[in-house]
Amino acid sequence: MKLKKHDCDLLAAVESTDKKLVHLFRRAARRGTSKLETLLAADAVSRDDGQVTYHCMARDQFIHGQNHLEAERVAAGDARPRDYQFFGNPLIVDPKGSGKEWASPSSRATLGRHLIYTFEFDHNDPAFLLEQCRWAMPLKEWWKSQFGKLFRDLKQFGDFRLMNVTYSGGKSLHIHLVFETALMMDRAKTEVSPAAVRAGYRAHWLRLHDAVMEHLRPSGGITPDDTLATSTALRRTPNGHRIVGDEHPLGLTSGTKVRQVVLWEQGVERNAAEPVFHSPSLFTAKPMQAKRGGGSTRRTLLTDAQLTYAESWLQDFYNGTGVLLAGIELTNNGYVARFHNSAADGHPASMLTEAFVTPVLRGRGAASVGPIRPLPLTFGQMLDHLVSELDEAKGFDPAALDIVRHRLASFVPYWIVGNGMSLIHAGEGVGKSTSIMRHIDLSLATGRRGQPSMFAFSTYTDAALKAQEFNSGRASASDGPSDTEFVGVEWRSFSRLYSDMAKGAELLTVDDADEADVTLWSLIQMRQPDVARAMREELGQIWRKIEGRTAVLFTVHDVAHQWADNTFTRRMLCPDFLDDGFDAAASRARTELNWLVHDEVSISTFLDRFNEGQMKWLQGLNASGASVWSSGGSKRQRAVYEKFADKNYGDHAVERGNAQRALRAGLEAFEHVVISDAAEYGFKNHTTTPFACERQSYFVRPRDWWMEGERPVASRIVFLTTEIVPSLIAQNAVRSLVYLRPTTNIGRDVIDGYAARGINAENGPDIAQKYAGTSTWVIANKLEGAKNTVSPFAVRGRNDLADADIVQIVTTFHPHHYRELQALGTWLGRDDLALLAHVDQINQSSGRNRGARNNGASHRVYINLTLFRAIMNTPAVRDELRYIWRLEMDEFQRKNARLRDDRAEDDDWRIA
């Protein structure tokens, strides 16, 4: 095969630099069509079910919108992939021809038939280019080469198809790893959004990163360029051509044509391997409308002070690297940092966008700029981090709080109208539920007129206070028909109404009703007619209050969770509930909810989970009466449960309601999670402590109490939270959920505290005893109802402690709770869930009289020193703290801090 001139030029340049590599490049130059070219030609354009998917083909990097026009030429046979310098991963063309093919590629990313992961070590050094080429040696025994070892490692995956190594024509190689998507999609059985494709692609690229580094072992600590970690980045096409620019590493003159030859390639024709590399759980990201933590487009404008702070930080970071920061500016695609390549460079053409960690070097002198160390986060994430850092430095800003409340009041109701199911995540006291209550009129636009809405809270006390707030707010509104159209009602469950009306009388139970073979309401009427009469009168007053208006029910979480079951609690909303001819089935339509707002969600809101002992207990219960769980016969289920529980009561027994729910769903619906213990408390001998739980089993199942058959229980469902852990659980458990986290730059209020090793669960009561007899409230576990004490869980959502002095005691979790969080962390793919749960508790407790509720009362925290250090040493966790620590230290701790040279770290965190 006669070589073309540009191939001969390349061979001559290689021979003059390293004669040992001439055979590699000669073999590459003589290679015919590569396997990757064939695959790209076959996948150039695909038409399935009216959707057109294509791989972008581009002669340069400036192709408008990565459009599909050149791909159509390849598909028609009028061009070949090698006619183009670059190609891309699959994108969607709008089948209706509305022009969306010109939209941003990131909004059109899709899985296609194959995803191609590319790694490039973009380091401008001729010696390093030759080092990369040697990774292909030896050629005859290719499996012994470093590329061969990487290929053999990837063959363990059933969806791995091809590895191709293409010379970029310049200073690097493009290592293309091709995976099929069909096996993963068979498991996922769901559509994947463009945002999910981008997130999943990056997550899998990072997984491959470790294998690439392990087998290729580049010298000098050089790592792959993560600009290719995005699915929409263009990459070098096998056997495409490029024109040499200045300073070619092999000495080729500017303007020379170079072929992007294939140095190494191996494919897998049939792969019977069982593991699948692609994980459906990593392709579940949803578009975020307002979320901290980066993204390619910011939705909150930065203030002048925030921009100045970010620019100052960047100037320090890039000092001495060869580039000079010109400034940060806002573009249609978010914020961009622009750089001069030297002091003599008058036009700042080099730029860093929010999605990347290193600048793209362009313009005068770009080739002479040395390697630039990457940011620790993407530029967008760094901006969020720096804003948070400045936010902490400026302290709490009451004026900013008013702005946040105004914005929430303006936007939250319209978020609800625009989404069927959403979760709003924002800090304590910023007015989430109040904003919704004030705009309840908008519910008329999303459901049937006259249908009730519901607000669910942790306690009946909270529900009653919110009902009072709702009604007083509407009474004080301007006059008009709408002011009396809605009425807030404290809605108690049937059992709560019964116990309130019984006034100390012995309470009958469903077990008593089962024994008498009647309903509980019938039994109450027979045996306690005075109580039944009081219940009738109480319901009559509520019905008269609602008459002619739309009910807004204020109740507790359990009522909301059981609404789909159409229990007595739901049926009571019908004024004819007590009539002899009441039609329970027909009452469903009359009691359908318009809006359902669930305040202060928890893990249990979205997930059922059991440890190994509990699962074995449930399996035994199921075997003792398997036929009863498939029906709705609660009476038979209760009987089977009681009989089994009497004989098998123990530490792993599951409460009856939870057991019924699990067995009705089927134990096969639970996912088996094998714990990967992250040792979050950092104990030196963690494996010998009670917290160790590596390889232990847990079983989890997403709940669906909000579904009534095939339909949601309400036309709009809104979850509210101040906590990060339930937010993470919700996003993983509920795929249809829209997650909203509005930016609230209100600064960080101060909490006083003391950290010591001796603060633990055992001596918590001793610390609490110091405040006995005072008006100070103590928030801690294991205080067993002492006066002015409350647990961290029970204090969630309380609004009555704003004027109280508060002490909170923060210790490590009980090993059982830690183990559960490790299981959920494994399920989520996180190694910081226990620490995040601690931060949630600290934020919740601090928010009772700090931040938005700061009326001047004192707040003091006692925290275990090991736990404090673990939180402060984990940036992703530390950033979730909404309060500044003003930590006290005794002289012994100060001495140890000096001895360990911890002073710098302590100063960073305002330890006084």
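Which residues touch the most other members of the largest nonpolar core? Let's start there, and keep in mind that what you see is a predicted model. The core has 96 residues, and the ones that touch the most other members are Trp491, Ile524, Phe606 and Phe719.

Take phenylalanine 719 and skip its neighbours within four places in sequence. What is phenylalanine 719 in contact with then? Quite a list: Met421, Ser422, Leu423 and Ile424, then His598, Val601, Thr605 and Phe606, and finally Trp705, Trp706 and Leu737. Apart from that core there's another one, with 59 residues, including Tyr117, Trp135, Leu139 and Trp264. As general background, nonpolar side chains in soluble globular proteins tend to be buried together.

Okay, zooming out for a moment. The chain has 912 residues, and 54% of them count as buried. It contains 32 helices and 31 strands. If you take contacts between residues at least 6 apart in sequence, 73% of those join residues at least 24 apart.

Now let's go to leucine 208, which sits in helix 8, residues 194–216. Is leucine 208 buried or exposed? Its relative accessible area is 3%, and the cut-off for buried is under 20%, so leucine 208 is buried. Leaving out neighbours within four places in sequence, leucine 208 is in contact with Tyr117, Phe119, Leu154, Leu177, Phe179 and Phe277. You may remember Tyr117 as one of the residues in that 59-residue core. As for Leu177, it is 31 residues away from leucine 208 along the chain, with 9.2 Å between the two C-alpha atoms.

Next, some helix pairs. Helix 25 is residues 724–733 and helix 27 is residues 815–828; their axes come within 11 Å and cross at roughly 45 degrees. That angle is not under 35 degrees, and it falls outside 65 to 115, so these two helices are oblique to each other. The crossing of helix 25 and helix 27 is left-handed. On the helix 25 side you have Leu728, Ile729, Asn732 and Ala733, and they meet Leu824, Trp827 and Leu828 in helix 27. Sorting the residues of that contact gives six nonpolar, one polar and no charged.

Helix 27 has another partner, helix 28, residues 833–846. Here the axes come within 8 Å and cross at roughly 115 degrees. Tyr818, Leu821, Gln822, Leu824, Gly825 and Leu828 from helix 27 meet Leu833, Ala834 and Ala837 from helix 28. This contact divides into seven nonpolar residues, two polar and no charged. Notice that Leu824 and Leu828 appear here and also in the contact with helix 25.

Last topic: some backbone oddities. Most residues other than glycine have a negative phi, and most peptide bonds are trans. So where does this chain have a cis peptide bond? One joins methionine 137 and proline 138, with omega at about 0 degrees. Proline 138 is in the loop between helix 5 (126–134) and helix 6 (146–154).

Then there's glutamate 600, with a positive phi near 50 degrees. You'll find glutamate 600 in the loop between strand 18 (593–598) and helix 21 (603–606), and it is buried, at 5% relative accessible area. Lysine 782 has a positive phi too, about 65 degrees. Lysine 782 is in the loop between strand 27 (777–779) and strand 28 (789–790). Is lysine 782 buried or exposed? Its relative accessibility is 51%, and exposed means over 50%, so lysine 782 counts as exposed.

Terms used
Residues are numbered from 1 along each chain as its sequence is written. This is a predicted model: local features need pLDDT of at least 70, side-chain atom pairs count only at pLDDT 80 or more; totals for chains, interfaces and linings use all residues. Side-chain values use heavy atoms; hydrogens and water are left out. A nonpolar core is a set of buried Ala, Val, Leu, Ile, Met, Phe, Trp, Tyr and Cys residues joined through side-chain atoms within 4.5 Å. Buried means under 20% relative accessible area, exposed over 50%, partly exposed in between (1.4 Å probe, protein chains only). Contact means heavy atoms within 4.5 Å. Axes are lines fitted to C-alpha atoms, for helices over the stretch in contact, and angles run from 0 to 180 degrees between N-to-C directions. Helices (H or I, at least four residues) and strands (E, at least two) are DSSP runs, numbered from the N terminus. Angles under 35 degrees count as roughly parallel, over 145 as roughly antiparallel, 65 to 115 as roughly perpendicular and the rest as oblique. A crossing is left-handed if the near helix is turned anticlockwise from the far one by less than a right angle, and right-handed if clockwise. Ala, Val, Leu, Ile, Met, Phe, Trp, Tyr, Cys and Pro count as nonpolar, Asp, Glu, Lys and Arg as charged, and the others, Gly among them, as polar.
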